Amino acid sequence: MELFKSSKSDGKSDELLLSQYHESKDLGLLGDVYQRHTEMIYYVCFRYFKDSERSKDAVMQIFEELIGKVDRQEIKNFQKWIYVVAKNHCLMALRADKSQKVDFSESFVEFSVAPHPEEDYATKEDRLQAMERCIEKLPEKQKIAIQLFFLQEKCYKEITTLTGYSMDGVKSYIQNGKRNLKQCIEKEQDV
Amino acid sequence: MYNRPDIAQLRRYVRGELSPQQMHEVERAAEADESLMDVLLGIEAEHAQGLTHDVIPELQQRIQQRSHVPARRTSSYLYRWIGLAASLLIVFGIGIYVFMQPESVQQQIAQRIPPSEPSNTMRDTTSSSSEDNTILDREEALPTKDHETKLAYSNVEASASNRLKNSDAARQAALDTIPIQIIPSNAEELVSMSLRDDHSTLASRNSAPPMQDRISMLSARAGRPMRQSNELQSVSLQDVKSITTGIIIDHQTQKPIAGALIRDQEMNTLAKTDSTGRFIVGSTNEKPVLTIQSNGFETADHVAEGAMRIALKRAPNGAATEPRTARDVSAKRLKSRPAIGSQAYQLYVNNLAKTSALGAGEVTLLFGINAQGRPIGITIKKSGGKKRDKEAIKILENGPNWIKGTDDELAEWTVQF
């Protein structure tokens, strides 16, 4: 499913339009590509700024950055690339804004463990066993939240109902649990 | 694996419109995709602030405007340059039309006058020397005729110059814009200049006499001795009351006549038209009578009226017009006359007389004219009664200026009550 594709898309991929932009230097092509991801960029900015006007300004500023950067970098996946650019822009802006104190360690979302489609059944079984051992080692709240969310497939809201944790708490326990779980599994594999 | 939710699904998630299973799918997708999680958190933050306005169309419009600006700018610059070029072209064209075209056209007309056209130079009538015979031989083909002098108002043709007449500002404007040639009032120099210009080729063939001798000779040819040069007055700029400009053209061909002489009969000042047929002459009278002479054309008298356009009629074939010499002019006796013309003056005087309500009657007055053109020494030649006599004198004293005649006789005017 294409998440943030613009309705104005003419069927050409982002990368094809970028290629055409490199050849023609027609800023309209770059604008068309960027418009496909405007929503994503806006909400990423809103997630950090918590301010609509600032987020809108950031969207336009990122587009200006884009004009300079797109020629200097090889872009294989524009959506991921522009997300990184947008997020970095917002984080840099917040860092420059001395009035705002942001705990970036809390804000960052860790990438999930990459799938390993090429690994065989035995390896996969080993990883699952390692994961079960690591889950048992997690702090109680993280362990409960991880088990309810990943194993029993409960949503945040259900978890709050079942556990009495706050919504933010559930999200935090899941995120921290994922991070600890990842570190634990990597440690188990090293051993 | 979980499907990646779209923005609408994320919004429904935030609004709590999804089932627990759907919510879990969204959350699992967000947990697996950092960018999706950021977006989800952004939508949740927006929802928490109660913002319902969809800003995305506005943003896309701004991006559209920004990303298509260069093309529009190019177009805008193009139109701007075209506009600027067009403006410059218009200004340049107007400039050429105003400052260049009239003169250049007239110069072209002057240059196109064929050799068969009548000569515009003064013609000598009294010379009998061999040199003069040579000149006469050259000019014999030109029509000659005793001209009939006529005094008439200028037959100024309809032209822009009409709007300028009788206006000091217009006269100044004419001075500023019309190419003119001011001829010194010294008669010998004038005549010599005229003849020297027109016969320079012939003069070059012959041994040129000393300049002073030549001037004396030309003066003699002009039919008057050297001392007659004193008859021509030098007009000081301080004494100039009127400046008359104009153009002399051939009535038949409408082409300008170069070298035509314009003589102020009162002051005996001379001017000569330039190559475009234009002239300028100053006078101590407000309405001087100008005599225009040119070989091959009938001599005409005109009352000066600011910017003039005078068309000279050609003399009949076989008859050459003899231009007037200073002696001719001095020999002509002109009566004193109203500067504004007899008809206009009569209308003015009689209207005032009738408004005085002194009853019907006539008063004939005799008077002199001073240098300023004012009636002086008014006496009663024929009385119409004391009151009418007194009123008639008052009307003349306060009336328009006169032009003093050369007949040295008192002016006479009858006021009709």
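Okay, one definition before we start: a residue counts as buried when its relative accessible area is under 20%. Keep in mind that this is a predicted model.

With that cut-off, take B:Trp413: its relative accessible area is 12%, so B:Trp413 is buried. B:Trp402 is buried too, at 3%.

Now, those two tryptophans also pair up. In general, you describe a pair of aromatic rings by how far apart the centres are and the angle between the planes. So how are the rings of B:Trp402 and B:Trp413 arranged? Their centres are 5.7 Å apart and their planes sit at 85°, so we call this pair edge-to-face. As for where they are, B:Trp402 belongs to strand S14 (residues 402-403) of chain B and B:Trp413 to strand S15 (residues 411-416) of chain B, so the pair ties together parts 11 residues apart in sequence. And they have company: B:Tyr345 and B:Phe367 join B:Trp402 and B:Trp413 in one aromatic cluster.

Zooming out for a second, there are 11 aromatic pairs over all chains. One of them, over in chain A, is A:Phe78 with A:Trp81: centres 5.9 Å apart, planes at 35°, so that pair is tilted. Both residues are in helix H5 (residues 78-96) of chain A, and because they're three residues apart there, about one helical turn separates A:Phe78 from A:Trp81. Both of them are buried.

Last thing, charges over rings. In chain A, the charged end of A:Arg47 sits over the ring of A:Tyr48, 4.5 Å from the ring's centre. Then there's A:Lys25, whose charged end sits over the ring of A:Tyr21, 5.5 Å from its centre.

Notes
Residues numbered from 1 in each chain as written. Chains lettered and ligands numbered in written order. Predicted model: local features only at pLDDT ≥ 70, side-chain atom pairs only at ≥ 80, totals over all residues. Heavy atoms only, no water. Phe/Tyr/Trp six-rings, centres within 6.5 Å; stacked < 30°, edge-to-face > 60°. Helix = DSSP H or I, 4+ residues; strand = E, 2+ residues; numbered from the N terminus. Buried < 20%, exposed > 50% of the residue type's maximum accessible area, 1.4 Å probe, protein only. Lys NZ or Arg CZ within 6 Å of the ring centre and 35° of its normal.
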